Amino acid sequence: MKKVVSKKNRGLTKSGPLLLIALPGIVYLIINNYIPMFGVFLAFKDYSYVKGIFGSDWNGFDNFKYLFRQDALLIVRNTILYNLAFIVIGTVCAILVAILMCELGERFRVKIFQSSLLLPNLLSWVVIGFIGYAFLNADTGFINKTIIRLFGGNEVAWYTTPKPWPFILLLVYLWKNVGYSSIIYMASIAGIDKSIFEAAKIDGAKKIEQIRYITIPMLKPTVVILTLMAVGRIFYSDFGLFYQVPMNSGALYDVTQTIDTYVYHGLMELKDIGMAAAAALYQSVVGFVLVVTANAVVRKIDRENALF
Amino acid sequence: MFKQTDEKRFRIFSTVFLCLLTIIALLPIILIVIASFTDEKSLLSYGYSYFPKAWSFNAYIYLINQSKLILRAYGVTVFVTAVGTVTSVLVTTMLAYPMSRKNFKYRNLLSFFVFFTMLFNGGIVSSYMMWTNIFKIKNTIWALIIPNYLVTGFNVFLVRNYYSNNVPDAIIESAQIDGATEMRIFWKIIIPLSVPTIATISLFTALCYWNDWLNGLYYITKSELFGIQNLLIKIMNNVQFLKSGSSNYLGVGNMNLPGTSVRMAMAVIGILPIVIIYPFVQKYFIKGVIVGAVKG
């Protein structure tokens with residue numbers, strides 16, 4: 001029956017006008033997204049500003065050879081390790097917040113807490129960099145001048161001391177993102193059938209047991225899918241976090257440099273176009289493979305939630 | 001009886017714990033607000049503090065005297081946010097609508113065309129080279145609007161899914177039978193039906209433009225075109241930059257620059273609009289996050 005209707009209707013639906021409506025978007029994506037895909041050939045060139053994009057000499061895999069001899073290990077290690085920490089710790093914190101939030105019961109309180117926890121997510125990395133500066137700068141920072149004075153110990157020149165930075169970056173990441181990611185888990189908890197909890201209550205299950213044996217197992221599909229998606233993006237880092245928060249301090253590069261900041265330095269500061277392009281292409285290709293793989297796994301687990 | 005107290009105890013624990021988290025979330029923001037009202041001398045000798053020894057409005061007075069520079073940056077950001085958001089919403093809905101039409105011949109092709117942009121990208125280097133060398137976008141206001149954010153696959157799919165779930169085929173078919181053109185159907189039927197999804201993507205897009213500093217970092221070197229975020233970056237690197245805007249004002253240029261507190265006052269000015277608007281749009285924001293996460 002349905003088929004008949006749509007067949008009849010196809011006569012009325014002409015492709016031309018619909019394509020015309022979509023045209024501005026199509027043109028934009030071709031320019032903004034597709035043309036640069038062909039620009040990856042820059043990674044195989046010895047770019048010279050005089051000779052230009054097309055005139056520069058080809059140099060085969062030299063850029064890649066250089067990249068892998070020099071910095072690839074460090075930037076890939078940093079990118080992946082930070083992302084792993086963010087995925088694991090971020091997920092645990094987000095679920096914890098979501099569970100507690102759902103136990104509040106009262107909507108007004110939920111709203112207040114949720115708004116406050118979400119607020120950091122709305123700030124730009126630039127502003128967060130400023131906030132970090134208020135805490136960390138050596139001469140007037142809150143940590144050096146108040147915390148360390150209060151508890152004793154020596155002042156630290158934070159922006160030139162690499163050691164604490166993995167911890168600082170993790171903290172800043174959690175501060176900005178936990179409120180945001182807990183929203184999704186709250187939505188999945190809200191979707192759990194209430195009668196299951198009621199039944200458990202009647203059977204004498206305590207709150208903590210209900211969480212342990214109902215809420216958490218019920219969240220598993222959401223966790224698995226969000227984690228896989230995040231793993232698919234493990235080769236990409238949040239440029240703002242690694243550029244603005246450490247104030248682009250050279251002394252910290254060993255622990256703050258990720259693929260994205262590395263590409264930025266190559267492109268804008270060192271003007272080494274070939275190398276930046278090589279790193280970017282490496283990121284795109286591995287990123288692509290990872291996304292497709294992650295999606296294939298998601299598809300296997302739960303077709304509904306697969307991207308494609 | 002027992003269950004009652006167990007539940008109550010858990011509720012109290014949740015409230016206390018979340019109160020603590022809320023304080024942790026807000027304290028850093030409060031610190032810069034307080035710092036912006038702290039007397040410069042007190043700041044320099046005792047550092048940033050929640051309980052400053054001396055309060056002062058000097059940072060803001062200074063900024064008001066420099067208002068030309070700040071208003072200009074605000075103007076750039078407001079313009080970019082407004083034009084960017086309106087254009088983005090228009091182009092995004094126009095692209096998403098045909099993708100939602102079940103009997104559109106190129107529906108799947110178009111969906112894949114959009115989807116592929118979410119899977120693979122040429123990287124910032126080639127897109128930077130394209131925008132600067134071919135489109136000569138460097139140091140124009142368009143550099144802040146056009147690259148990267150105008151149409152994102154994420155938003156397109158958000159809107160397409162909304163249309164697929166909320167616009168019944170029957171409405172479109174009856175309009176077609178009445179002889180309405182596709183353009184007319186889009187404007188008169190689809191757009192009025194899509195207010196909730198337009199609210200959501202407008203919010204995401206506006207926030208994205210307001211907070212963006214990357215396009216400015218890559219494409220803008222002229223200070224007249226700095227938006228508020230890029231002005232902040234400039235001031236963090238060189239607080240003296242603030243003085244440059246004032247050299248034409250007699251006397252103001254010679255005023256002592258309260259460098260430390262003024263930085264924080266600038267940051268406060270940068271987040272003020274968000275904090276003011278946020279309570280009114282929070283609902284849409286949260287809805288959008290949920291919809292987007294489930295199927296983005």
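**Exercise 1.** Work out how far apart the ends of residues 109–129 of chain B lie, and how much of the span is helix.

*Solution.* Start with the end C-alpha atoms: they sit 29 Å apart. Next, the make-up: the span is 86% helix and 0% strand, where helices (H or I, at least four residues) and strands (E, at least two) are DSSP runs, numbered from the N terminus. Now try residues 12–37 of chain B: their end C-alpha atoms are 36 Å apart, with 96% helix and 0% strand.

A word on the model: it's predicted, so local features need pLDDT of at least 70, side-chain atom pairs count only at pLDDT 80 or more, and totals for chains, interfaces and linings use all residues. Residues are numbered from 1 along each chain as its sequence is written, while chains are lettered from A and ligands numbered from 1 in the order in which they are written.

**Exercise 2.** Find what Ala277(A) is in contact with, leaving aside neighbours within four places in sequence.

*Solution.* Contact means C-beta atoms, placed from the backbone, within 7 Å. In chain A, the partners are Val40(A), Leu42(A) and Ala43(A). Over in chain B, they're Gly123(B), Val125(B) and Ser126(B).

**Exercise 3.** Describe the contact between the chains, beginning with how many residues each gives.

*Solution.* Chain A puts in 78 residues and chain B 86. On the chain A side, helix α2 (residues 15–38) gives the most, with 16 residues. Sort that side by type and you get 51 nonpolar, 20 polar and 7 charged. Here Ala, Val, Leu, Ile, Met, Phe, Trp, Tyr, Cys and Pro count as nonpolar, Asp, Glu, Lys and Arg as charged, and the others, Gly among them, as polar.

Key: Two residues are in contact if their C-beta atoms, placed from the backbone, lie within 7 Å.
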